[in-house]
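Here's a quick look around a protein model, starting with its pocket and moving on to its cysteines. Have a glance at the structure first, then read on.

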Amino acid sequence: MSVEELRLNAGDAELVVNPDTGRVTHFRIGGVEILRTGARFGSFPMAPWCGRMRDGVLNWDGQTYQLPRTAEPHAIHGTVRDRPWEVVRHSGGELELAQRLTEPWPFPGRVVQNFALAADAATFRMTVEAAAEPFPAQVGWHPWFERSLSPDGKPVEIAFTAAWQEQRGEDYLPDGNRIAPLPGPWDDCFGMPDGVDVTLTWPDTLELSVTSPVRWVVVYDQPAETVCVEPESGPPNGLNTQPRAVRPEEPLVAEMRWRWRTLG
């Protein structure tokens, strides 16, 4: 672990954040790593949008803005990941990071991440603030969980009940239709109007719930070694299809909680 990384500890849980990237680089319970580690893994913040934005084009208030096509032909996962964050506060089991919204995002503002660790739960909060004119925004989290927690461990089981699935086209973007949830494997967005509630169970080892008041979650379990459960405040391309305006007096605030218990 590099000296720049910041550690939170509570009970037998440990959460490590790299302020140079804004990522959670390690999350351990009883010394067992729950996240896949490495430069593109861990758990990263998504803001001011989540998932893919079609062709990198943002339409807002009668104007069209072109954003970098970071996942050709689309723009993906916002602009704040893997950029330096200011450490606002770090004490005990709490941490606060902040980053200003700058180019290529066309509107001035700020994103704040808060982390809090307890012996049986981790709470993540993200806030998007507008500095001047209103703009559309989303926030979300993209954790890469290990499919198995040991070389001979049983693979994780994912359980959730969604009200709908966003039907997607060949470009993996919602086509505007909602359908009954389909069986996996998934790289899909699901609607949960009462809040995200997904349970990950590593048999005989650990049960971890991912909950959030936000109404959408992307579940991505196609890779052989990882699974992702991504609470989001809007669906992919939602800045264009279901925009939520952020104003100086009305920031966007969202929260995610992980709660766990050991099994066996």
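A quick bit of vocabulary: strands, written E, are DSSP runs of at least two residues, numbered from the N terminus. Keep in mind that what you're looking at is a predicted model.

**The pocket**

Let's start with the largest pocket, which holds about 410 Å³ of space. Its lining is made up of 22 residues, and the closest to the pocket's centre are Arg-52, Ile-76, His-77, His-142 and Asp-187. What kinds of residues make up the lining? They split into 10 nonpolar, 3 polar and 9 charged.

Which strands each supply at least two residues of that lining? They are E15 (140–146), E17 (164–168), E19 (187–191), E22 (216–220) and E23 (226–232). E19 gives the largest share, with 3 residues.

**The cysteines**

Now for the sulfurs. How many disulfides does a search of the whole structure find? The count is 0. A disulfide would need two cysteine sulfur atoms within 2.5 Å, and here's how two of the cysteines fare:

| Cysteine | Closest cysteine sulfur | Sulfur distance | Relative accessible area |
|---|---|---|---|
| Cys-50 | in Cys-189 | 9.3 Å | 1% |
| Cys-228 | in Cys-50 | 14 Å | 0% |

Why does Cys-50 have no bond to Cys-189? Their sulfurs are 9.3 Å apart, so they are too far for one. Likewise, Cys-228 can't pair with Cys-50, because 14 Å between the sulfurs is too far for a bond.

Are these two buried or exposed? Cys-50 is buried, and Cys-228 counts as buried too.

Note on methods. Residues numbered from 1 in each chain as written. Predicted model: local features only at pLDDT ≥ 70, side-chain atom pairs only at ≥ 80, totals over all residues. Heavy atoms only, no water. Buried < 20%, exposed > 50% of the residue type's maximum accessible area, 1.4 Å probe, protein only. 1 Å grid on protein atoms, 1.4 Å probe; cavity = no way out; pocket = protein on both sides within 12 Å on 5 of 7 lines; lining within 4 Å. Points joined across faces, edges and corners; volume = space filled by probe spheres on them. Helix = DSSP H or I, 4+ residues; strand = E, 2+ residues; numbered from the N terminus. Nonpolar A, V, L, I, M, F, W, Y, C, P; charged D, E, K, R; others polar.
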